[in-house]
Structure formats: structure tokens, C-alpha cells
Amino acid sequence: MAEPIVGIDLGTTNSLVAYMQGDSPVVIPGEDGLNLVPSVVALDENNQVIVGNDARRYLIETPERAVYSVKRLMGRGVEDILEELKLFPFRLADDLQSGEVIRIKLGAKTFTPPEISAFILRQLKRNAERFFGGPVTKAVITVPAYFNDAQRQATKDAGRIAGLNVLRLVNEPTAASLAYGLDKKKNGIVAVYDLGGGTFDISILKLHDGIFEVIATNGDTHLGGDDIDNLLIAIALDDIRGDLGLEFGNEVRRSGEAVARIRQAVIEAKIVLSSQPTAKLDVDLPDGKKYQREISLEVFEQMIQPIIDRTVGPCKQALKDARLKPEQIDEIVLVGGSTRIPKVRRLVQDLFQRVPHTDLNPDEVVALGAAVQANILGGGSDITKEMLLLDVTPLSLGIEVAGGVTDKIILRNSTIPASATQYYTTQVDGQTNVAIHVLQGERELARDCRSLARFDLKGVPPMPAGLPRIEVKFLIDANGILRVSAREQRSGKEAEIDVQPTYGLTDEQVENMLLASFDYAEEDFRQRQVIEARREADTILTALAKGKKNQAWQELTNDERRNVETLEKALVAVKDGDDHHAIRGGIDALNEATMRLAELMMDTAVSTALKGKAMDDTDLEEGPQAGHPVAKAEFK
Amino acid sequence: MPGQAPGDATPSCWSCGTMRAVHFCSSCGKVQPPVPVDYFTFFGFPRKLNLDTAELEREFYALSRRLHPDVFGQAETQERTWSLEQSSMLNDAYRTLKDPIKRTEYLLRLEGVELEEQSKQATEKARATGELKKQAVPPDLLEEVFELNMHLEELRMQKKMGEDDPALLEEIGKAKLSLEEKNGALLNELKAEWSKWDKAVEERSEDNGTKSDRRKILDRMLDVLNRRNYVRNLVRDVNEALES
């Protein structure tokens with residue numbers, strides 16, 4: 001079998017890996033049998049990385065060693081995330097410089113968001129490798145449709161750091177439509193409403209004989225279930241200040257553990273309210289105090305209204321861009337865990353005047369669609385060979401021109417791959433350098449758009465202003481990632497860059513992180529082997545110490561005793577080193593040398609037993625041949 | 001023509017050597033390195049403006065199936081690069097040709113009419129000769145625009161004061177409707193020029209008389225586009241004032 005290509009949904013709250021099994025995509029479960037891997041990363045006391053369900057308890061027990069919702073930080077700078085820092089317990093590295101890629105503290109170490117995402121991807125990769133019994137190195141990863149170039153680059157970097165060749169980044173709602181359209185095989189206009197843990201996307205697609213053509217997309221990369229949780233936490237903290245006093249309330253607010261408990265309780269209440277009319281909050285607070293409250297569905301819906309209303313604008317804009325009226329939409333597909341909230345479903349129904357589809361599992365459909373796309377890229381199978389995805393760029397791309405104005409070169413909702421060329425000239429006589437500032441966004445002024453990259457076209461021969469003819473060429477690939485080149489046509493002077501995001505990692509940094517992650521993984525594995533070998537050595541040395549007190553020791557020849565003692569010293573000497581091969585070698589040698597001692601002890605034990613002596617005193621189980629079971633080191 | 005060197009007018013396929021289309025080989029189906037062709041040629045269409053958009057879409061889908069990078073997931077780097085370049089050109093061509101205004105503008109540029117420069121020149125020429133001024137308010141709109149701008153100013157003032165005047169909104173609504181009608185009329189005027197252009201293309205005559213006839217058609221199209229731009233900007237102003 002050729003190496004499988006997997007589809008990965010790298011979500012804000014949960015991540016999944018799926019692949020195409022025959023004609024249908026299926027999710028690959030983790031070792032715990034669960035499909036969802038929570039996007040939580042923690043470092044344990046031995047600085048071992050823990051991912052997923054096992055990492056969740058660290059959020060409460062040692063919140064300073066755990067991180068969640070890191071997707072919110074992908075491809076962003078410190079100044080971009082000031083709002084997030086108020087709401088999320090992200091701990092930034094102390095020595096962070098302005099303009100540098102963010103680093104998050106986990107215990108005493110710091111990691112960039114792509115590295116943390118890479119830990120999650122590595123876990124999914126391991127799950128898939130365990131499932132297939134072989135290496136998995138190729139993947140399709142999904143991103144929110146409204147992710148900008150920097151956020152896409154950061155996701156691709158995360159894949160590379162995890163040792164994955166990312167064949168394609170696919171937009172989440174588009175992936176969902178692939179999973180949806182796979183068995184429907186219907187032509188028509190479909191809208192995908194995707195409200196996840198941290199991001200919102202709306203995409204409108206035209207399905208035509210297996211072609212999935214995105215007509216328009218819109219969204220908000222900072223809107224999702226997290227915002228509902230944060231609102232409920234804020235309300236709870238207000239309540240606590242009101243009920244238990246301002247001072248105590250502030251103390252709770254500062255306690256990472258208490259806030260983490262409240263967060264867990266409001267998430268549970270939110271889930272209950274999707275099927276029950278009321279939910280109870282019951283949280284243990286410091287000093288034996290408690291926070292208790294009952295929330296009715298009605299109150300909950302009032303509270304979240306302003307948040308879910310923020311999805312309306314993007315939906316209307318997408319319809320407008322697609323030049324469609326709501327009634328022209330044939331089907332609505334719901335994606336993302338937050339679409340389980342009944343109020344969200346009613347909002348979608350009112351907006352599109354149509355009952356949305358709820359037959360697909362909103363948590364899994366994106367990963368399943370990624371698996372379909374992975375299959376297509378792998379050459380396709382009978383069921384996918386007619387399928388083709390035509391996606392769009394969510395945001396306009398351009399450059400800054402004189403006066404700080406954005407000149408758009410590729411407009412939003414252009415089908416990708418897309419290219420465009422614009423011509424510019426100089427402003428000053430004899431100008432030899434031209435600054436190209438690449439921008440993404442819809443606003444008129446450069447300072448209101450996202451700055452993607454800056455580079456200089458150097459060495460333009462001095463000419464009067466207005467004479468040079470500078471050609472700027474944009475090319476967006478099928479991943480939605482931009483490449484820019486600039487050329488002065490009269491002189492042929494050229495400059496080309498793969499847009500290096502202003503807040504992105506350089507290729508070199510990614511390479512180093514990739515190597516470090518290999519080291520890190522190997523280091524983990526090696527350290528684990530050392531620890532286990534040491535444990536085994538301790539066992540055999542303890543047993544030998546007891547054996548020496550046994551009369552069987554005296555029955556050995558002088559040479560035998562000397563040999564055993566030499567090997568014992570040798571093992572003690574290597575035991576505290578960190579070469580597990582040496583330790584193992586010492587254990588094996590000592591084991592062999594003490595073979596006769598063990599036999600003799602066994603005989604003694606039997607004869608002692610015959611004499612009616614209690615087995616306990618004979619140290620039978622503690623003999624050199626009967627070491628404690630030691631867990632086999634597993635490749636982690 | 002097998003064996004023909006690449007770079008000629010009808011180059012041969014790099015893979016099997018037979019003559020090929022501009023994007024993929026009609027014999028072996030392999031993607032080809034891009035050649036600079038105009039968007040009409042890319043689709044195999046004549047340079048005409050009345051275009052069957054359903055056929056355009058069919059061709060777009062058919063070419064997408066052959067050129068899109070997804071189809072080249074397992075191909076060599078070189079073919080993947082060509083596929084990226086070819087499919088981006090396909091998408092650009094489709095985006096331009098399916099929209100009636102973009103299609104017209106593209107044809108004008110293709111025929112050597114620099115849209116902005118031309119309109120600037122046209123304005124200067126008009127100023128010099130006293131003919132119709134293309135950049136200025138179209139004369140038939142003069143009165144309407146004057147009134148509308150007053151209403152819009154009033155609306156902005158009222159919004160600032162937090163007042164609400166239904167009669168004013170109704171006036172503006174009426175004006176907007178009239179502008180949209182005008183927009184439709186201009187599109188029809190443009191389409192009439194399309195037909196004249198297409199007829200001239202069919203005749204394929206290169207004598208000087210026809211050439212200058214064709215130039216006149218292009219100029220008239222430019223004039224319609226300029227007027228339409230003016231109307232469209234007004235509609236945008238109205239919408240902005242209403243929404244703000």
C-alpha cells in the first residue's frame with residue numbers, strides 16, 4: 001500500500017485526523033479510543049509534552065504549564081493580541097521583543113504558536129501511524145477560510161515542524177462541503193455556516209457535477225465558542241465579587257486554578273443548555289467557598305445574543321459578494337461545535353429562511369472533508385475522481401502606494417490560483433530603491449490593512465520621476481499563499497519573495513524548530529530509556545544486596561564472588577550516567593554472573609520451605625532473576 | 001506538426017511531440033508551459049463581446065479539470081509549476097470574461113485603448129473642441145445629480161443631528177431607483193455597441209475604412225463605460241449615505 005495521505009482538522013478546541021477508507025472518510029481514533037484530540041498542550045514536571053485529553057487536567061492543576069486555544073495566536077504579533085491577553089490565560093515569554101514571533105511560556109520553557117500546534121499535529125501523526133502501522137508524512141490540513149496569509153503560513157510551518165509534508169491547506173467550510181457533497185451528489189447552491197471554538201466562517205458554494213466552486217466567503221477569525229465561555233466567566237466573576245466580596249472576587253480572578261475551574265463549569269453548563277432548559281453551576285473556590293448558580297436557557301440566550309449576532313454581518317456580506325438572495329441558497333450546512341446551540345440554529349434558519357442540515361457531526365465533518373481532499377490529491381479513487389475544489393482568496397491583496405493608500409491587486413473572492421500584474425512608477429527623480437509593502441484587507445488606507453511583508457526593489461537605474469515602469473506581480477497558489485515579484489522593466493532589475501509574514505518564522509527558523517523537535521522527540525525517547533534502565537539496575541542491585549546475605553552467597557567460589565562484585569561495581573558506575581546501552585549491558589552481565597547464585601538461592605528456598613520455614617524470609621521474589629516488570633520504552 | 005521547435009506559433013508538446021493547444025496537449029493530455037495569449041484565445045473564443053456565459057462556464061469547468069493543481073498532486077515539480085501558472089491564468093481569464101464590464105474593459109485594453117489615459121485625453125480633446133466632456137457630469141444627468149447631492153448633504157446633516165425625515169429618504173430612494181434604471185439603460189447601450197463590434201470582427205476586413213469604424217466603436221464603448229462609472233459611483237455614494 002502506498003503511504004497514506006491523511007486529512008487533519010487542526011481546531012481551536014479539538015483536532016482530528018481522518019483518512020479515506022474505501023469510499024468513505026473515517027476519523028482515526030487516538031489510543032484512548034476517542035476521535036477528538038483536545039487542542040491542549042501541557043508540559044509535565046519532567047518537561048515531557050502532554051497533548052489532548054491527558055493534558056486537560058493540567059489546565060486546572062498547573063495552569064502555568066498548559067495552554068489551550070493557541071490557534072488564536074497563529075500568525076499574529078504581540079500588538080495584535082492585546083485583547084486576547086485580557087481574556088485568555090496566555091503567558092508570554094518575558095524577553096519578548098516587539099515585532100518578534102510570539103512565544104508562550106509552558107513551565108520554564110517557551111514555544112511559538114506554530115511549535116505548540118506542531119505538538120498537536122505530532123500527536124495526530126502518531127495516532128495515524130499507530131493505526132496504519134507505518135509512517136505517515138503527508139497531510140492536508142484545514143484552516144479557517146478567513147485566515148490571512150500570515151495565519152496560513154504559520155499553519156504550514158506547524159506542519160513542517162511536526163515532520164509533515166503539508167500537501168495542501170484547505171479552507172474548513174470548503175472541506176465540510178466536500179464531506180457533505182460526497183454522498184449527496186446534488187447540484188445547487190450550498191452555504192456552509194461554520195462556528196467553531198475560535199473562528200467563524202461563512203462560505204457560499206456552487207456544486208456542479210462534482211465541481212465545488214466557492215463563490216464567496218467571509219468570516220471572523222476571532223469569534224467562536226471561546227467568546228461565549230469568556231463572557232460566562234466574566235459574568236461568574238462579577239457574581240462572585242457581588243456575593244462574596246470584592247476582595248475575594250479579585251483573589252479568584254488572579255487564581256489561575258479558580259478561573260480554570262469556572263471555565264470548565266461554564267463550558268459544561270453551555271453544553272447542558274443545548275438540550276436542557278436549565279443548567280447548574282457549582283464551582284469550588286479557594287478557602288472552601290463555593291460559587292453556585294442556576295442559568296435558564298432564556299437568560300443564556302439573552303447573554304449570548306450579541307456574540308452570535310456578530311455572525312450576521314459576514315453572512316450578509318458573503319451573500320452580497322455572491323450576488324445572491326437568501327432564498328437562492330438551496331442548502332445550509334452547519335459546521336463547528338457551537339452550531340449545536342439551538343439559538344445559533346434559529347439564527348441561521350431566520351437568516352437563510354431555510355432549515356439547516358444537522359445530519360453531519362459538526363465536530364468531525366471538516367476532518368472528513370480534509371480526508372476527501374487528501375484522497376483527491378493522492379490521485380483520487382472512483383468516488384472522488386470527478387471531484388474538484390475551486391476555492392477563493394478571502395481577502396483582497398495589494399500594495400501600499402504613495403500617500404499611504406492601499407492599491408488592491410487581487411480582489412477578495414477571486415478563484416485561486418490567481419495572479420495579477422500592476423504597473424507602478426517612481427515619485428522622486430533619480431529614485432533607485434522602491435519599497436514594496438504587501439497588504440491584505442479591504443480597507444482604503446494601508447495602515448488599516450494587514451501588513452504581510454515589506455521588501456525593496458533595489459538598483460533601479462536613476463531616472464526622472466515617472467519614467468521607470470515597475471511591474472508588480474502577485475501569484476496566489478492553491479493554498480491561498482501569496483508570492484510577490486517586482487521588476488523594473490526598462491532595466492530588467494528584479495526582486496522576488498515568497499511573502500515572509502511580518503510576524504512569521506523564517507525558513508531557517510522553521511528548519512531549526514523541525515530539527516529541534518526531532519532532537520526533542522529523540523531526547524524524550526532516550527531519556528525515557530535511561531530512566532527505565534536505571535530503574536531495572538536498581539532492582540537488580542537491591543536483589544543482589546539481599547542475595548549476599550543469603551547463605552547461597554557463601555556457596556559460590558571465590559572467583560564467582562569476585563566476578564559478581566566487579567560487575568556490580570561496574571553497573572553502579574554506569575548507572576548514573578545517561579547511556580542506557582551501557583546500563584543495559586551492565587545489567588545483562590550481572591544477570592548472567594548471578595545466575596548460579598539465583599539457582600542456589602532457589603534450592604535453599606525450596607529446602608527451607610520443606611523445613612517449614614516461611615517463604616517470606618527467603619527473598620525468593622527478590623532474587624536477581626526476578627526483577628520487577630519494567631514497562632517497555634515506547635516511541636513517543 | 002510533430003517535431004516542431006517550441007517557441008514557434010504552434011509549438012509541440014514537450015512530452016509526446018505532437019501539436020498542442022495552448023494549455024494541454026490534445027494528444028497525450030499533458031499540461032504545457034504557459035504561452036502569452038489573450039484571454040479570448042485561451043478559451044478558444046473569437047475576440048467578440050457577445051459571449052455565451054453558459055458555454056464559458058462549461059469550458060471553465062472542463063479546463064479546470066485538466067489544469068488545476070489538485071490534478072497534479074502526484075506529478076513532477078515542473079508540471080506542478082506549469083499547472084499553477086496555467087490554472088491561475090484560467091481563473092483570471094474566466095473572472096474577466098464572465099463579467100460584461102470587465103470583458104469590455106479588457107477588450108478595449110487589448111485593442112490598445114488605455115482606459116485612464118484615453119479618458120484623460122478625451123477630456124482634454126473635448127475641452128478643446130467643445131464636444132461632450134467624458135469626465136464631467138453627463139449632460140442628461142446634470143439636474144438630477146445636482147438635486148441628489150443636495151439631498152445627500154441634507155441626509156448627512158440630519159443623521160449627525162439624529163433626526164429622521166421619511167420624505168427625504170423617499171426622495172433619495174426615488175433618485176436611487178432612477179440611477180439604477182439609468183445603469184440598466186447604459187448596459188443596453190453598451191450591448192448595442194458589442195453587436196456592432198462583433199459584426200466588424202466577423203467581417204475581418206483590414207481596409208482603412210473598417211479600421212476607423214472599429215476605432216469609433218471602441219471610443220463609443222469607452223464613452224458608455226465612463227458614463228456608467230459615473231452613475232455607479234453615485235449609487236455607491238447614495239448607499240454609503242443611507243447605511244452610515
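Modeller: Helices and strands are taken here as DSSP runs, of at least four residues for a helix and at least two for a strand. The model under discussion is predicted.

Biologist: What does the secondary structure of chain A come to?

Modeller: The C-alpha trace of chain A spans about 105 × 70 × 60 Å along its principal axes. Of the 636 residues in chain A, 45% are buried. Its secondary structure comes to 17 helices and 26 strands.

Biologist: How many helices and strands does chain B have?

Modeller: Chain B holds 244 residues, of which buried residues make up 23%. Read along the sequence, its pattern is α-α-α-α-α-α-α-α. The count for chain B is therefore, with helices and strands defined as DSSP runs, 8 helices and 0 strands.

Biologist: What share of the contacts in chain A with a separation of 6 or more comes from residues 24 or more positions apart?

Modeller: Two residues count as in contact if their C-beta atoms lie within 7 Å. For chain B, residues 24 or more positions apart account for 51% of the contacts with a separation of 6 or more. For chain A, the corresponding share is 68%.

Biologist: Which strands are the edge strands of the open sheet in the order E6-E5-E7 of chain A?

Modeller: This open sheet has 3 strands, and their pairing is antiparallel. The twist averages 20° from one strand to the next. Strand E5 (residues 40-43) of chain A is joined to E6(A) by 3 bridges. Pairing on one side only marks the edge strands, which are strand E6 (49-51) and strand E7 (66-68) of chain A.

Biologist: Which residue in E6(A) stands opposite Val41(A)?

Modeller: E5(A) and E6(A) run antiparallel. The residue of E6(A) that stands opposite Val41(A) is Val51(A).

Biologist: What angle does the direction of helix H3 of chain A make with that of E6(A)?

Modeller: Helix H1 (residues 53-61) of chain A packs on the sheet, touching E5, E6 and E7 of chain A, and its direction makes about 70° with that of E5(A). Helix H3 (residues 113-132) of chain A also packs on the sheet and touches E5, E6 and E7 of chain A. Its direction makes an angle with that of E6(A) of about 65°.

Biologist: How do helix H6 and helix H7 of chain A pack, and at what angle?

Modeller: Two packed helices are described by the angle between their axes and the distance between the axes. H6(A) passes H7(A) in a right-handed crossing. The contact includes Leu237(A) and Ile240(A) of H6(A), and Phe248(A) and Val252(A) of H7(A). Helix H6 (residues 225-244) and helix H7 (residues 246-254) of chain A have their axes 6 Å apart and pack at an angle of about 145°.

Biologist: How many nonpolar, polar and charged residues are on the side of chain A that touches chain B?

Modeller: The contact takes 19 residues from chain A and 14 residues from chain B. Helix H12 (365-377), strand E18 (388-390) and strand E21 (418-424) of chain A each supply at least two residues of the chain A side. By class, that side divides into 12 nonpolar, 6 polar and 1 charged.

Biologist: Why do the buried residues of H4(B) line one face of the helix?

Modeller: In helix H4 (residues 100-110) of chain B, the buried residues are Arg103(B), Thr104(B) and Leu107(B). Seen down the axis of H4(B), they line one face because they fall within an arc of 100°.

How values were computed: Residues numbered from 1 in each chain as written. Chains lettered and ligands numbered in written order. Predicted model: local features only at pLDDT ≥ 70, side-chain atom pairs only at ≥ 80, totals over all residues. Buried ≥ 20, exposed ≤ 12 C-beta atoms within 10 Å, placed from the backbone. Arc of directions from axis to C-beta. Nonpolar A, V, L, I, M, F, W, Y, C, P; charged D, E, K, R; others polar. Pairing = 2+ DSSP bridges. Axes fitted to C-alpha atoms, helices over the stretch in contact; angles between N-to-C directions. Left-handed = near helix turned anticlockwise from the far one by under 90°.
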